[in-house]
Amino acid sequence: MCDFSEVPFKNGSINFKVNVTPVSLQNRGDRKAAFKRELQEITKTSPFVVTGTCWVSIDYYCQHVKRIKNPGAYDIDNIIKPILDSLVGQAGLILDDVLVDRVTVNWIDTPHEDHIEIQVEYPDLLFCGKDDLILIKHSSGWCFPIHRQIAKSDKGMDLIQKYFDIWNSIDDEHAFNASVCMLPIQNFVYFTKVRESGFEIIELKCS
């Protein structure tokens, strides 16, 4: 179960299985790094990345007796952060975890070895080829994800500048509600969150 072709991306739902035991947020850094490498051995094969609002579902398959008879069994909330951290960036499936609006996690009994199954859904169908995605960075520190072909168009970049003008003018909920109809569906992301994502970042040349 691991289909990273364009068809499931166009359908807004990606599902895959990882034959690993999740790590806890409280585990040592080296264990979390090893887990991240294992998960990304799978996700890095995806040619696409989700760039908009998304939901993540995690099913942790584990023998019931191993969980209820083990005082050191991971609390369900502690396995979430390491998994989300492994899903972001160029080697993952999601541009940044700030885009995740909802996470659901389930323990599921299995007679087999521990493994996890992950589903990423995105209602706005916003995704881009990893090789085609670039981030336009404004002096405000905000970045906007676009297809690199748009960066070659003066009209396209003029539109991006207008989006930034609107976005940077928002300073409270009232201003947001008044401006949201003029903003794109595509989310803005902050530079410090994506600077190590592996994607190319280009400074916006303001006119």
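Visitor: Which residue in E8 is the bridge partner of Ile134?
Guide: In this predicted model, Ile134 is matched with Ile146 of E8.

Visitor: What makes E7 and E8 a pair?
Guide: Pairing takes at least two bridges. E7 and E8 share 5, in the antiparallel sense. That meets the cut-off, so the two strands pair. Lys137 also stands opposite Cys143 in E8.

Visitor: What lies between E7 and E8 in their hairpin?
Guide: There are 4 residues between the two strands. Gly141 sits in the turn, with a positive phi of about 100°.

Visitor: How do you know that E8 and E9 pair?
Guide: The count is 2 bridges, antiparallel. The cut-off is at least two, so E8 and E9 pair. Cys143 stands opposite Val189 in E9.

Visitor: Why are E9 and E10 called edge strands?
Guide: Start with the order of this open sheet of 4 strands: E9-E8-E7-E10, with mixed pairing. E9 (189-190) and E10 (200-203) each have a single partner strand, so one side of each has no neighbour in the sheet. H6 packs on this sheet, where it touches E7 and E8. The direction of H6 makes about 150° with that of E8.

Visitor: How do you know that the length of H6 agrees with its number of residues?
Guide: H6 covers residues 154-169, which is 16 residues. At 1.5 Å a residue, the expected span is 22 Å. The end C-alpha atoms are 23 Å apart, so the two values agree.

Visitor: Which residues of H6 are buried, and what do they pack against?
Guide: The buried ones are Gly156, Met157, Ile160, Gln161, Tyr163, Phe164 and Ile166. Their packing partners are E7 (133-137), E8 (142-147), H5 (148-151) and H7 (173-179).

Visitor: Why does the approach of Ser153 to Lys155 count as a polar contact?
Guide: At the start of H6, a side-chain oxygen of Ser153 comes within 3.4 Å of the backbone nitrogen of Lys155. The cut-off for N or O atoms is 3.5 Å, so this pair falls inside it.

Visitor: Why is Ser13 called buried?
Guide: Its relative accessible area is 18%. Buried means under 20%, so Ser13 qualifies. Ser13 lies in E1, residues 13-18.

Visitor: What makes the meeting of Ser13 and Gln119 a polar contact?
Guide: The two side chains meet at 3.0 Å. The limit is 3.5 Å, so the contact counts. Beyond four places in sequence, Ser13 is in contact with Pro8, Gln119, Val120, Glu121 and Tyr122.

Visitor: What is the strand order of the sheet that holds E1?
Guide: E1-E5-E3-E4, an open sheet of 4 strands with mixed pairing. E1 and E4 (100-108) each have a single partner strand, so both stand at the edges with one side left free of a neighbour in the sheet. The twist averages 15° from one strand to the next. H2 (residues 29-43) lies across E1 and E5 (115-121), at about 130° to E1.

Visitor: How do you know that E3 and E4 pair?
Guide: E3 (residues 54-61) and E4 share 8 bridges in the parallel sense. At least two are needed, so they pair. One match is Tyr61 with Ile108 in E4.

Visitor: Which residues have the most contacts inside the largest nonpolar core?
Guide: Phe16, Val56, Leu87, Ile94, Ile116 and Ile118, in a core of 39 residues. Elements giving two or more residues to this core include E1, H2, H4 (80-87) and E7. E3 gives the most, with 4 residues.

Visitor: What does Leu87 touch?
Guide: Residues up to four places away in sequence are not counted. Leu87 then touches Phe16, Leu39, Thr43, Val56, Gly92, Leu93, Ile94 and Ile118. Another core lies apart from the largest one and has 12 residues, among them Phe144, Ile146, Met157 and Leu183.

Visitor: Why is Leu125 called partly exposed?
Guide: The relative accessible area of Leu125 is 43%. That is neither under 20% nor over 50%, so Leu125 is partly exposed. Leu125 is in the loop between E5 and E6 (127-129).

Visitor: What is the phi of Leu125?
Guide: It is positive, about 55°, although Leu125 is not a glycine. Most residues other than glycine have a negative phi.

Definitions and conventions
Residues are numbered from 1 along each chain as its sequence is written. This is a predicted model: local features need pLDDT of at least 70, side-chain atom pairs count only at pLDDT 80 or more; totals for chains, interfaces and linings use all residues. Side-chain values use heavy atoms; hydrogens and water are left out. The expected span of a helix is 1.5 Å times one less than its number of residues. Buried means under 20% relative accessible area, exposed over 50%, partly exposed in between (1.4 Å probe, protein chains only). Contact means heavy atoms within 4.5 Å. A polar contact is a pair of N or O atoms within 3.5 Å; within protein, one must be able to donate a hydrogen and the other to accept it, and residues adjacent in sequence count only if both atoms are side-chain atoms. Axes are lines fitted to C-alpha atoms, for helices over the stretch in contact, and angles run from 0 to 180 degrees between N-to-C directions. A nonpolar core is a set of buried Ala, Val, Leu, Ile, Met, Phe, Trp, Tyr and Cys residues joined through side-chain atoms within 4.5 Å.
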